[in-house]
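Here is a walk through one protein chain, taken step by step. Keep the structure open and follow each stop as it comes.

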Amino acid sequence: MRPNTMKALEKSRPEEGLWMVQAPVPEINADEVLIRINKTGICGTDIHIWNWDDWAAATVPIPMITGHEFAGEIIEIGRNVTGLEIGQRCSGEGHLITTDSRQSRAGKFHLDPGTRGIGVNEQGAFAQYLKLPAFNVVPLPDDVPDEIGAILDPLGNAVHTALSFDLLGEDVLITGAGPIGIMAAAVARHAGARHVVITDINPDRLTLAEHVVPTLRTVDVSREDLQDVIAELGMKEGFDVGLEMSGSQIALDQMVEALVMGGKIALLGIPPGKSPVDWSRIVFKAITIKGVYGREMFETWYKMIAMLQNGLDVSRVITHRFGIDDFAQGFAAMKSGQSGKVVLDWT
Ligand code: ZN
């Protein structure tokens, strides 16, 4: 039942845009599976590739089928693969690893320096079919729909960041109310934080944050001072944990100011180039900083699916849905800065 060609959304030329093309359906090797794609999520990374900015031009070889956030169904299995069956609904880890590095051999696959990303370095998921190493497949339980399966990659970023430090009974500050920041806020709530405060300077994003997680305290830092919020909430000295999701140097400064002595920061936001940091402030406040990359394989996946089955609800972060022939509208929604997650339907 395998067709020869498929629809795929490809970076075909070194200029702005993506193009729907007919591409060959991938051939799998003995350790891979072929997945029929049902739904995909558009990521900020895909917007960089659409725009063909300096990062994309330096990183992405063309032609390249983009996309790495997906859910689908296994339709072919390589002969060495065990434990997976045809018809299994799945998502999957889009970081392809090597197994001979120091960290991989220590079992820390997410820290492998040889990691290659689907949709960036290898042909991606914005297509009717995707080949993936069986190792990377994450089966979806029946109670996790494809639409949520298609956003497990960014939810995984949020979970990995949020669970970097113990949140139970802690006060948590999240800077940056994009979809990952908002999902991290939902995770912090689920993980038992006391106050969860999220900041941004885009009122639409803060409105979405309140819609997704009604118990959040949102702060537009262009209008309100975090120190006033700390006083209003009755916090004695400041936040215990900060999750930086914006890549903004101003936001990081505000976070350092708003933390308690000995506070902890997980950094997921990517600052543009080098940015000045007041290191002496960080030293004298005895702050711990952790950089976060990707998702832990596969502990993050295990925990996020368990949390979804135990009441974590991030479904309202999906604000736009389009059929694949209307992909340009999906990218326009993303670029407007007024969307949450945008999901494309390939069925
Ligand atoms: Zn992504």
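**Loops, domains and unusual bonds**

Start at P63, which sits in the loop between helix 2 and strand 4 (64–65). This is a predicted model. The peptide bond that leads from I62 into P63 is cis. Its omega is near 0°.

A second cis bond can be found further along the chain. It joins M297 and F298, with omega about 0°. F298 belongs to the loop between strand 16 (288–291) and helix 11 (299–309).

Now step back to the loop between helix 1 and helix 2, where W52 is placed. W52 is not a glycine, yet it has a positive phi of about 55°. Is W52 buried or exposed? Its relative accessible area is 16%. Buried means under 20%, so W52 counts as buried.

D53 lies in the loop between helix 1 (44–51) and helix 2 (54–59). D53 has 24% relative accessibility, so it counts as partly exposed. What does the side chain of D53 reach? It comes to 2.9 Å from the backbone nitrogen of A56. D53 can also be placed against P14, which is 39 residues away along the chain. The C-alpha atoms of D53 and P14 are separated by 9.8 Å.

A286 also has a positive phi, near 55°, and is a residue other than glycine. Look for A286 in the loop between helix 10 (279–284) and strand 16. Its relative accessibility is 46%, so A286 counts as partly exposed.

Next, take the chain as a whole. It is divided into two parts: domain 1 (5–151 + 314–345) and domain 2 (158–291). How far apart do the C-alpha centres of domain 1 and domain 2 lie? They are 29 Å apart.

The two domains touch. On the side of domain 1, 11 residues are in contact with 12 residues of domain 2. About 910 Å² is buried between domain 1 and domain 2. Carbon and sulfur atoms give 69% of that area. Which residues of domain 1 lose the most area to domain 2? They are V314, R316 and V317. Together these residues make up 51% of what the domain 1 side buries.

The polar side of this interface can be counted too. Between domain 1 and domain 2 there are 3 residue pairs in polar contact. The side of domain 1 that touches domain 2 has 3 nonpolar, 6 polar and 2 charged residues. The rule finds 0 salt bridges across the interface of domain 1 and domain 2.

Two buried residues complete the tour. H110 is in the loop between helix 3 (102–105) and strand 8 (116–117). Its relative accessible area is 13%, so H110 is buried. Which residues does H110 contact, leaving aside its neighbours within four places in sequence? They are H160, Y293, R295, E296 and M297. M297 has come up before, in the cis bond with F298.

The other stop is N38, in strand 3 (residues 32–41). With a relative accessible area of 7%, N38 is buried. Its contacts, again leaving aside neighbours within four places in sequence, include A71, G72 and E73. D146 is another contact of N38. So are L344, D345, W346 and T347.

Note on methods. Residues are numbered from 1 along each chain as its sequence is written. This is a predicted model: local features need pLDDT of at least 70, side-chain atom pairs count only at pLDDT 80 or more; totals for chains, interfaces and linings use all residues. Side-chain values use heavy atoms; hydrogens and water are left out. Helices (H or I, at least four residues) and strands (E, at least two) are DSSP runs, numbered from the N terminus. Buried means under 20% relative accessible area, exposed over 50%, partly exposed in between (1.4 Å probe, protein chains only). A polar contact is a pair of N or O atoms within 3.5 Å; within protein, one must be able to donate a hydrogen and the other to accept it, and residues adjacent in sequence count only if both atoms are side-chain atoms. Domain bounds come from an automatic or database domain assignment. Contact means heavy atoms within 4.5 Å. Buried area is the accessible area (1.4 Å probe) that two parts lose on being put together, summed over both. A salt bridge is a side-chain nitrogen of Lys or Arg within 4 Å of a carboxyl oxygen of Asp or Glu. Ala, Val, Leu, Ile, Met, Phe, Trp, Tyr, Cys and Pro count as nonpolar, Asp, Glu, Lys and Arg as charged, and the others, Gly among them, as polar.
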